[in-house]
Amino acid sequence: MAGQMERGARAGTWGAASQRIRDKLWQGTLPADDPVKGWGSNGSGLPCAGCDDVILSSDAEHEVEMSDGRALRFHVKCAGLWRVLKQARSRE
Ligand SMILES: [Zn+2]
């Protein structure tokens, strides 16, 4: 039983980002449809649409454009999480 408690406390930032993106998808804050365009660039210093942390210029940024013209920027890992989680959501 003690071991289970320790595992929960060690979820770390990766788990937190994943949880935040999942919450936003389920609440509709993040779109669940596919972007029309996507490209990579250097971090812009603006907040990530997924985890809300700033994308530092030392990080890679993944930017997408939705069919309604809305642009979203993510950390590369958050873009990956978003893609996987929205697919999971569309199957439910
Ligand atoms: Zn992020």
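Read along the sequence, the chain follows the pattern α-α-β-β-β-α. Three helices and three strands make up this chain. The model is predicted. Its pLDDT averages 87 over the chain, and 84% of the residues score at least 70. Residues 2-10 are a weak stretch, with pLDDT under 50 throughout. The model gives these residues zero contacts beyond four places in sequence. Where pLDDT is low, the predicted coordinates should not be read in detail. Of the 92 residues in the chain, 21% count as buried. Among contacts with a separation of 6 or more, 53% join residues 24 or more positions apart.

The three strands form an open sheet. Their order is 1-2-3, and the pairing is antiparallel. Strand 1 (37-42) and strand 3 (71-75) are the edge strands, each pairing on one side only. From one strand to the next, the twist averages 25°. Helix 3, residues 76-90, packs on this sheet. The helix touches strand 2 and strand 3, and its direction makes about 115° with that of strand 3.

Strands of a sheet pair through backbone hydrogen bonds, either parallel or antiparallel. Here, strand 1 and strand 2 (residues 60-65) run antiparallel and are joined by six bridges. Three pairs illustrate the register. G38 stands opposite V64 of strand 2. W39 has E63 as its bridge partner in strand 2. G40 is partnered by H62, also in strand 2. Strand 1 lies largely in the open, because zero of its six residues are buried.

On the other side of strand 2, the pairing continues with strand 3. Five bridges join these two strands, which again run antiparallel. V64 stands opposite L72 in strand 3, and H62 stands opposite F74. V64 thus faces G38 in strand 1 and L72 in strand 3.H62 likewise has a partner on each strand, G40 in strand 1 and F74 in strand 3.

Two loop residues have a positive phi. Most residues other than glycine have a negative phi, and most peptide bonds are trans. D52 is not a glycine, yet its phi is positive, at about 75°. D52 sits in the loop between strand 1 and strand 2. The residue is exposed, because 12 other C-beta atoms lie within 10 Å and 12 or fewer count as exposed. The second case is G69, with a positive phi near 90°. G69 belongs to the hairpin of strand 2 and strand 3, which has five residues between the strands.

Helix 3 has 15 residues. The helix reaches 21 Å from its first C-alpha to its last, close to the 21 Å expected at 1.5 Å a residue. Its buried residues are C78, A79, L81, W82 and L85. These residues lie on the same side of helix 3, because they cover an arc of only 160° around the axis. An α-helix has 3.6 residues a turn, so residues three or four places apart point the same way. The other side of helix 3 carries exposed residues, V84, Q87, A88 and S90.

A79 shows how helix 3 meets the sheet. This residue is found in helix 3. A79 is buried, because 24 other C-beta atoms lie within 10 Å and the cut-off is 20 or more. Leaving aside residues up to four places away in sequence, A79 touches H62 and F74. H62 and F74 themselves stand opposite each other, with F74 in strand 3. A79 is also 8.4 Å from E63, C-alpha to C-alpha, although the two are 16 residues apart in sequence. E63, in turn, is the strand 2 bridge partner of W39.

Key
Residues are numbered from 1 along each chain as its sequence is written. This is a predicted model: local features need pLDDT of at least 70, side-chain atom pairs count only at pLDDT 80 or more; totals for chains, interfaces and linings use all residues. Two strands pair if DSSP finds at least two bridges between them. Helices (H or I, at least four residues) and strands (E, at least two) are DSSP runs, numbered from the N terminus. Axes are lines fitted to C-alpha atoms, for helices over the stretch in contact, and angles run from 0 to 180 degrees between N-to-C directions. Two residues are in contact if their C-beta atoms, placed from the backbone, lie within 7 Å. pLDDT is the predictor's confidence in each residue, from 0 to 100. The expected span of a helix is 1.5 Å times one less than its number of residues. The arc is that of the directions from the helix axis to the C-beta atoms.
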